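Dear colleague,

I am passing on to you the structure below, together with some notes on what was found in it. Please have it open beside you as you read.

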Amino acid sequence: TREYSHVAVIAGTGWHRGVIGIAASKISERINRPCVVISVDGGLGHGSARSIEAYHLLDGLTACADLFERFGGHSHAAGLTIKAERIDEFRRRLNAHAATQLTEADLQPRILIDADLPAEAITFELAEQLRALEPFGAGNPRPVFLTRNLRVMTEPLVMKERHLKLRLGGADRRPLETVWWQGVEKTEHTPGINAGLEMAYTIETNTWNNEVRLQLSVADLRQVASA
């Protein structure tokens, strides 16, 4: 319901406390909302919380402080301990607090673009230059690029019923091998041959049979009308 649409508070028994932080982070990333995962054991819940950029998590938890046995953290990650019978009230109150802080725009997934590239600039040499910036991680995210005026050159290949392998080309028609992980789930209409696309992506290399190849990994794409 809309009353509970701003924060996911998920509780269950038998969950290993060592992985609930990872689970909260993955769920938050997937649904673009703050998430709290609580492992309940013997009437007591141990929770791990992760937030999105727009929501100050510790402020939200502080507004519910009387419900916890203890809690602590910072703006985007926190931990808490709560009696099981208080979890429903916690879910209601945290959502009520978040509803006053978050707009609909805040809850829309956003991708930060580092540069707008023409298709002809996507080269193996650029991929090699990017490798000099590794290792990529939380403090050093992999650069995301945007390219317009792409076209699908061959029929997309579905891998393991979930992922899409695409061969795209720009004005020079040079094929760009592209993978869209979970692409089947993320699009209502798989782009067909000659479909026009705008795509946000990362540039990577893939080794196959001892051959290093350029590979694009889709962050998001949009089909556009043919020119």
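The notes that follow go from the sheet to the helices that pack on it.

Please bear in mind that this is a predicted model. Its five strands form an open sheet in the order β1-β2-β3-β5-β4, with mixed pairing. β1 (8-13) and β4 (68-73) stand at the edges, and because each has a single partner strand, one side of each is left without a neighbour in the sheet. On average, and with direction ignored, neighbouring strands of the sheet are turned by 15 degrees against each other. At one of these edges, β4 runs antiparallel to β5 (residues 77-83) and is joined to that strand by five bridges; within this pairing, Phe68 has Ile82 in β5 as its bridge partner.

Helix α3 (residues 87-101) packs on the sheet, where α3 touches β1, β2, β4 and β5, and its direction makes about 165 degrees with that of β1. Helix α1 (residues 20-31), for its part, lies across β1, β2 (35-41) and β3 (44-50), and runs at about 45 degrees to β3.

Which residues of α3 are buried? They are Ile87, Phe90, Arg91, Leu94, Asn95, His97 and Ala98, and since they cover an arc of only 165 degrees around the axis, they lie on the same side of α3. These buried residues pack against β1, β2, α2 (57-62), β4 and β5, whereas Asp88 and Thr100, on the other side of α3, are exposed.

With best wishes

Conventions: Residues numbered from 1 in each chain as written. Predicted model: local features only at pLDDT ≥ 70, side-chain atom pairs only at ≥ 80, totals over all residues. Heavy atoms only, no water. Pairing = 2+ DSSP bridges. Helix = DSSP H or I, 4+ residues; strand = E, 2+ residues; numbered from the N terminus. Axes fitted to C-alpha atoms, helices over the stretch in contact; angles between N-to-C directions. Contact = heavy atoms within 4.5 Å. Buried < 20%, exposed > 50% of the residue type's maximum accessible area, 1.4 Å probe, protein only. Arc of directions from axis to C-beta.
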